[in-house]
Structures are given as structure tokens and as C-alpha cells.
Amino acid sequence: MREKEEKLINCLRNYGSVVVALSGGVDSSLLAMAAQKALADKAVAVTAVSEMLPESERLDAEKCAELAHIRHIEIPAHDLDEDDVVKNDKERCYYCKRARFMKMKKWASDHGFVYVADGSNIDDAGDYRPGMKAVDELGIRSPLAECGFSKSDIRKLAKEWGLPVWDKPSAACLASRVAYGLILTRERLLRIDKAESLIHRFVSGQIRVRDHGDIARIEVMPKSIGVLIEHQREIAAKLHSLGFQYVTLDLDGYRMGSQNEILHKSS
């Protein structure tokens, strides 16, 4: 770990200057702190704010940037202004990442920063991630992956550095909860955020409310399923009030990228 830590700091130092795409998760938060250690005021953290970013993630990004002593900028992403994003097909993540990183690259260029970097690591190849194509096309640097960091490496170092998100469950944008083919709207994303905030009152760990139009499909860790059943009436009533006609609990429990399962079956 000490070798990887030193390699990461040296890698960032060699960049000269960098804009870190800070989402509020453990990967980008660790990268932001490493960038500040390596480059001081030649590093800045930038968070793209839109309806797709849960408010809790934005607040975590704010908190971690403060702990890292890195300058933090929020820029409006305007994701829902992109027609290719709104139509929400299987390439949505590519179009969204491309538009966001283009905005970050412009901000970096306008303010004299050489590189834009994201928090991708060597474990990110395991799921369907069309957004990685945009990272490659635009020349976004991924220093954690370049230096051989796995997710467990990142959590270990984040804990050592005192980042409170070191054990935070992996997150994804709110659009990842919406079934492919359903049009993305501000209202749809907001009700998902509200629904997940409600369920967080009862259980912790990974939580997803998957939007299938009239149907809400709730995923939690298997050990938490019983807790939700105990509170089924309250949860169902709240989700009905948010506009879901049917409220279901997925007995398979949470699994990363479950909305992509239909893609694997069709292929």
C-alpha cells in the first residue's frame, strides 16, 4: 500500500495541474485528497451538479473537499438538456459522461489546468459501463487505475487518511435507477431521490428504488428485506404518494447494475 500511495502521489505530481471530477463517493474523494497532497493549489475538485446527482452525494462531495483542503467548484451539468441523455437508451451513460467531461475540460482549459481526472479503478471493468468510452475518447486521466488501485485499496487508504466515506456503499447517478426506454424527467429523478431517502430511514447499506414507470422495484441488502416488510404499509403509502401505482420488493436483493440484466439477456 505504501508503494501504491507513493506511486499515486508521484503520478499526480507529474500531471503539473489537475481538475478532479468529485462525485462524493470514496474513489473520487480519495483522488481529490491525493491531488491536493501532490499539487496543492494546482489541484481543484469540480462537482457536476444536476437532477441526476442525489443531494446526499453533493453534500458528501462538499464535506470531503473541505476535509481534503482542496478548492471545490460546483458547475451546472444541465444533463436533461441533452436529448441523447433524456431518451435513456443503453448508451445514456456515454452521452452523459461525454457532455459532463467536455464541460469540465472547458472549465480546466479556461482556468489553466492541464488535465481532468476521474476516480475509475481497476475493478470498474466488471459491469456494463458505456461511460468509460467517453473517458477514453476525451483523454480523461484515471490515476487510481493507472497506479493499480482496486476498490479495497481505495477504501483502506481512505480510512487511513480519515475520509468519512471510506466505507460508504458504491453509488450511481439517479438515472441508473430508471428502466431503459423511459424518458428522463426532473420529476422522475426527484421522486426516486425522495423514495430512497425514505427507505434510508429504515435500513442502511445499498438501497435502490428502480423506476419501471408505474412500478417501483425496491432493492436492499438481503438481510434488510425483513425490516422493509415490517414497515410495508408506511413505505408503500409514501411511494404511492410519489406517483408509483405499484410498489414491489425485489427478493433477489440489491445487485450492482440490475437494470443492465435485460441487456445481458437480450444479447
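The following paragraphs lead through the helices and strands of this structure, which is a predicted model.

A good place to begin is the pair of helices at the start of the numbering. Helix 1 covers residues 2–15 and helix 2 covers residues 26–39, and their axes come within 8 Å of each other and cross at roughly 65°. Because angles of 65 to 115 degrees count as roughly perpendicular, helix 1 is described as roughly perpendicular to helix 2. The crossing of helix 1 with helix 2 is right-handed. On the side of helix 1, the residues that take part in the contact are Leu8, Ile9, Leu12 and Arg13, and they meet Leu31, Ala34, Ala35, Lys37, Ala38 and Leu39 of helix 2. Sorted by class, this contact holds eight nonpolar residues and two charged ones, with no polar residues.

We turn next to the strands. In general, the strands of a sheet pair through backbone hydrogen bonds, and the pairing can be either parallel or antiparallel. One open sheet in this model has four strands in the order 3-2-1-4, paired in the parallel sense. Its edges are formed by strand 3 (71–76) and strand 4 (115–117), each of which pairs on one side only. From one strand to the next, the twist averages 30°. Within the sheet, strand 1 (residues 18–21) and strand 2 (residues 43–49) are joined over four bridges in the parallel sense, and one example to look for is alanine 21, whose bridge partner in strand 2 is valine 46.

Helices also lie against this sheet. Helix 3 (residues 55–68) packs on the sheet and touches strand 2 and strand 3, with a direction that makes about 155° with that of strand 3. Helix 5 (residues 92–110) lies across strand 1, strand 2, strand 3 and strand 4, and runs at about 130° to strand 3.

Further along the chain, strand 6 offers a useful view of both kinds of pairing. With strand 5 (residues 207–212), strand 6 pairs in the antiparallel sense over six bridges, and here valine 209 has isoleucine 218 of strand 6 as its bridge partner. Strand 5 and strand 6 form a hairpin with two residues between the strands, where glycine 213 takes a positive phi near 85°. With strand 7 (residues 246–249), by contrast, strand 6 pairs in the parallel sense over four bridges, and arginine 217 has threonine 248 of strand 7 as its bridge partner. Strand 6 itself, which spans residues 215–220, is mostly covered, since five of its six residues are buried.

Terms used: Residues numbered from 1 in each chain as written. Predicted model: local features only at pLDDT ≥ 70, side-chain atom pairs only at ≥ 80, totals over all residues. Heavy atoms only, no water. Buried < 20%, exposed > 50% of the residue type's maximum accessible area, 1.4 Å probe, protein only. Pairing = 2+ DSSP bridges. Axes fitted to C-alpha atoms, helices over the stretch in contact; angles between N-to-C directions. Parallel < 35°, antiparallel > 145°, perpendicular 65-115°, else oblique. Left-handed = near helix turned anticlockwise from the far one by under 90°. Contact = heavy atoms within 4.5 Å. Nonpolar A, V, L, I, M, F, W, Y, C, P; charged D, E, K, R; others polar.
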